[in-house]
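Please find below a colleague's note on the interior of this model, set out as numbered points. It may be easiest to read with the structure open alongside.

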Amino acid sequence: MPIIELNTSATPFLLTGFVGLEKAHHWISIPLSVVYISILLGNGILLFLIRVDHNLHEPMYYFLALLATTDLGMTLVTMPTVLCVMWINHREVSHGICFLQAYFIHSLSMIESGILLAMAYDRFIAICNPLRYTSIITNIQVLKIGVGVFMRGFVLILPPILPLYWFPYCRSHVLSHAFCLHQDVIKLACADITFNRLYPVVVVFSMVLMDCLIIFCSYVLILQTVMSIASEEERSKALNTCVSHICCILVFYVTVFGLTFIHRFGKNVPRLVHIIMSYIYFLFPPFMNPIIYSIKTKQIRGSILQLFSLSPPRI
């Protein structure tokens with residue numbers, strides 16, 4: 001029986017920063033570092049508040065905690081290689097580290113889509129079936145949904161990532177970004193990559209598209225329910241509970257489909273635009289989500305003010 005060996009002794013991959021702007025990498029690293037620190041602080045504060053403030057011990061905020069955890073994970077996965085390229089021009093990355101980074105990047109992207117779907121389900125039950133909300137969306141149910149969402153993301157991404165460890169890489173070892181992506185790595189493989197090309201399109205993209213469609217349908221039903229409410233004040237109150245989530249959905253899916261559109265149909269677009277779009281995709285949602293919830297959600301805004309002693313303690 002033949003022994004299959006991992007392709008671990010091959011030449012390491014070379015990461016790429018902003019092509020044509022290599023001399024300005026130190027300056028570019030300054031705003032990137034500020035954004036990374038803001039993401040860590042913003043999502044870290046959200047998690048801290050949800051943990052310590054008993055007023056936030058509700059399913060809606062537990063789902064928000066899952067979203068913040070995913071955003072932190074994405075930041076911590078991409079930040080080291082990006083800053084190494086920008087700060088010290090350290091471009092080499094081993095195959096194992098590269099594939100592991102690609103696995104977490106793509107998994108966390110799918111997990112974020114699943115969490116946004118779970119949050120839409122939470123808002124759907126809260127508005128369309130409020131009398132049964134506490135019996136349907138229990139803490140155990142939130143835990144089950146969270147485990148299911150994370151399992152879906154981590155399991156579905158395994159099939160296209162595992163073959164990367166056995167592929168021979170005899171072409172150029174230069175990647176297109178300062179982090180590893182599956183679609184970049186397979187372009188360098190000297191092997192049959194048919195499965196790796198088809199699987200992400202058929203399975204992964206279809207799952208994200210399905211999440212998006214279900215979220216859209218849930219909000220159509222929510223809107224119908226809200227419009228049937230006689231009191232204008234109650235309609236406004238019901239819609240306000242959805243505003244933050246809708247903003248996060250738009251931020252995430254607009255960047256997802258924008259990046260996909262650029263990669264698929266932007267062959268004549270300058271390479272710098274592709275690079276900038278990839279950074280927007282990875283940094284903009286994690287950066288904006290804490291800001292959106294801090295501004296639009298009264299309970300979180302109150303907790304933040306109390307945390308920084310800008311309002312009297314709650315009784």
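The points below take up the nonpolar core, the enclosed cavities and one loop residue, and they concern a predicted model.

1. The largest nonpolar core comprises 89 residues, and those with the most contacts inside it are Phe13, Leu116, Tyr169 and Tyr279. Helices H1 (25–52), H2, H3, H4 (133–136), H5 (139–156), H8 (194–227), H9 and H10 each supply at least two residues of this core, and H3 gives the most to it, with 16 residues.

2. Tyr279 deserves a separate look. Not counting residues up to four places away in sequence, Tyr279 touches Phe18, Leu32, Val82, Met86, Ala178, Phe179 and Phe284.

3. A search of the whole structure for cavities of 30 Å³ or more returns 2 of them. The largest cavity holds about 80 Å³ of space, while the second largest has a volume of about 50 Å³.

4. The lining of the largest cavity is made up of Asp71, Met74, Ser109, Glu112, Phe252, Tyr281, Phe282, Pro285 and Pro286. The elements that give two or more residues to this lining are helix H2 (59–88), helix H3 (95–128) and H10, and the largest share, 4 residues, comes from H10. By residue class, the lining of the largest cavity divides into 6 nonpolar, 1 polar and 2 charged.

5. Around the second largest cavity, the lining residues are Met60, Phe63, Met119, Asp122, Arg123, Thr241, His245 and Tyr293. Here the elements that give two or more residues are H2, H3 and helix H9 (232–265), with the largest share, 3 residues, coming from H3. The residues of this second lining divide into 4 nonpolar, 2 polar and 2 charged.

6. Which elements lie on either side of Thr297? Thr297 sits in the loop between helix H10 (271–296) and helix H11 (298–307). Although placed in a loop, Thr297 has a relative accessible area of 5%, and it therefore counts as buried, since that value falls under the 20% cut-off. Leaving aside neighbours within four places in sequence, the contacts of Thr297 are with Tyr61, Ser244 and Ile292.

Definitions and conventions: Residues numbered from 1 in each chain as written. Predicted model: local features only at pLDDT ≥ 70, side-chain atom pairs only at ≥ 80, totals over all residues. Heavy atoms only, no water. Buried < 20%, exposed > 50% of the residue type's maximum accessible area, 1.4 Å probe, protein only. Contact = heavy atoms within 4.5 Å. 1 Å grid on protein atoms, 1.4 Å probe; cavity = no way out; pocket = protein on both sides within 12 Å on 5 of 7 lines; lining within 4 Å. Points joined across faces, edges and corners; volume = space filled by probe spheres on them. Nonpolar A, V, L, I, M, F, W, Y, C, P; charged D, E, K, R; others polar. Core = buried A, V, L, I, M, F, W, Y, C linked by side-chain atoms within 4.5 Å.
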